[in-house]
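Me: I've got a model open and I'd like to learn how to read its helices and its packing. Can you walk me through it?

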Amino acid sequence: MQQCSICGKLSGIGSVYTKMKIEGHGQAKILTQEEIELLFNEGLQSDRDRTLFGICLYTACRIAEACSLKVIDVFTPANVIRSEMIIRKGNTKGKLGTRTIPIIQELRLLLETYKHPSHPYLFPSRHLNHRWKHANPEAASHLFQEACERVGIIGASTHSLRRSALTQMSNAGIPLRIIQEISGHRNLEQLQKYLEVRPDQVRGAVSALSTLSYVRKIPYPDIAPSTPENPLPPHQLSQGQADSSAQEIPDW
């Protein structure tokens, strides 16, 4: 149970999500670079937690997909980090298909730091008698919320990591079809609901319309002095200047 900061009443995890949707207008907030640094350096307290949520951030996967990863999906039998992470079809939402996502350097560093236990799952359940043998997504979401509260991040959930990753790729100009391949969305319409448009992007788009001016652009006149077609040779010019100077000197 957790106390709501708005009404002061105790509420369960589901109520926390309701609060997030109200404050975030129905969507988990997009994390800034500063919030990501704060979260991973101070909010999350263990290598296990940083690796779990780092997978969500650097592969744009869902928390349930990250929790259900097997060691063999990330490491080779020789315990070497793979070049691509495998997200199995059976663990995806809607079971649409298996995805393979490249492991970038930032995620590789987290995986190298995390000493995973000898277990088939990368993040085994802390409760041995649980019907799931891997980490519980709801418990992981609650842990993430505690980390956000620890550093004062409001309006975020584990979905913030996924939304932040997808929005970052979109802002970098990656085509939506490629992003869809990474995110595993059924169609582009679902994917676009995840992406955030910043106010400065809207201003930049509208400012591009200034080229459609209704005022005719009047060119500036050419005020440079015209050059005679047949200028005098240099020696004649200097001679003419000398003659002119001689005439201007008065005969006193």
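Reply: Sure. Keep in mind that this is a predicted model. Let's begin with helix α2, residues 33-43, where E35, I36, L39, F40 and G43 are buried.

Me: Where do those buried residues of α2 sit when you look down its axis?

Reply: General idea to start with: an α-helix has 3.6 residues a turn, so residues three or four places apart point the same way. In this case, the buried residues of α2 fall within an arc of 120° as seen down the axis, so they line one face of the helix. On the other side of α2 you'll find E34 and N41, which are exposed.

Me: Okay, and which helices do the buried residues of α2 pack against?

Reply: They pack against α3 (47-59), α7 (137-150) and α8 (158-171). For context, the protein chain has twelve helices and four strands.

Me: What about the nonpolar core: which residues have the most contacts inside the largest one?

Reply: The largest nonpolar core has 37 residues, and L39, F53, I55 and L122 have the most contacts inside it. So much for the residues; now the elements. At least two residues of this core come from each of α2, α3, α4 (63-67), α5 (71-74), β3 (84-87), α6 (105-113) and α7. The element that gives the most is α3, with five residues. Apart from this core lies another one, of seven residues, with A60, A165, M169 and L191 among them.

Me: Let me zoom in on I55. What is I55 in contact with, leaving aside its neighbours within four places in sequence?

Reply: With that filter on, I55 touches A60, C61, A66, L69, M85, L107, L122 and F123, taking contact as heavy atoms within 4.5 Å.

Me: And how do I read a helix pair, say α3 and α8: at what angle do their axes cross?

Reply: Look at the axes, then at the residues. The axes of α3 and α8 cross at roughly 35° and come within 7 Å. On the α3 side, F53, C56 and L57 meet T158, L161, R162, S164 and A165 of α8. By type, the residues of this contact divide into five nonpolar, two polar and one charged.

Me: Last one, zooming out: how much of the protein chain counts as buried?

Reply: Of its 252 residues, 35% count as buried. The accessible surface of the chain comes to about 16500 Å², and 56% of that belongs to carbon and sulfur atoms. As for contacts between residues at least 6 apart in sequence, 57% join residues at least 24 apart.

Conventions:
Residues numbered from 1 in each chain as written. Predicted model: local features only at pLDDT ≥ 70, side-chain atom pairs only at ≥ 80, totals over all residues. Heavy atoms only, no water. Buried < 20%, exposed > 50% of the residue type's maximum accessible area, 1.4 Å probe, protein only. Arc of directions from axis to C-beta. Areas by Shrake-Rupley, 256 points an atom, 1.4 Å probe, with all protein chains shown as cover. Core = buried A, V, L, I, M, F, W, Y, C linked by side-chain atoms within 4.5 Å. Axes fitted to C-alpha atoms, helices over the stretch in contact; angles between N-to-C directions. Nonpolar A, V, L, I, M, F, W, Y, C, P; charged D, E, K, R; others polar.
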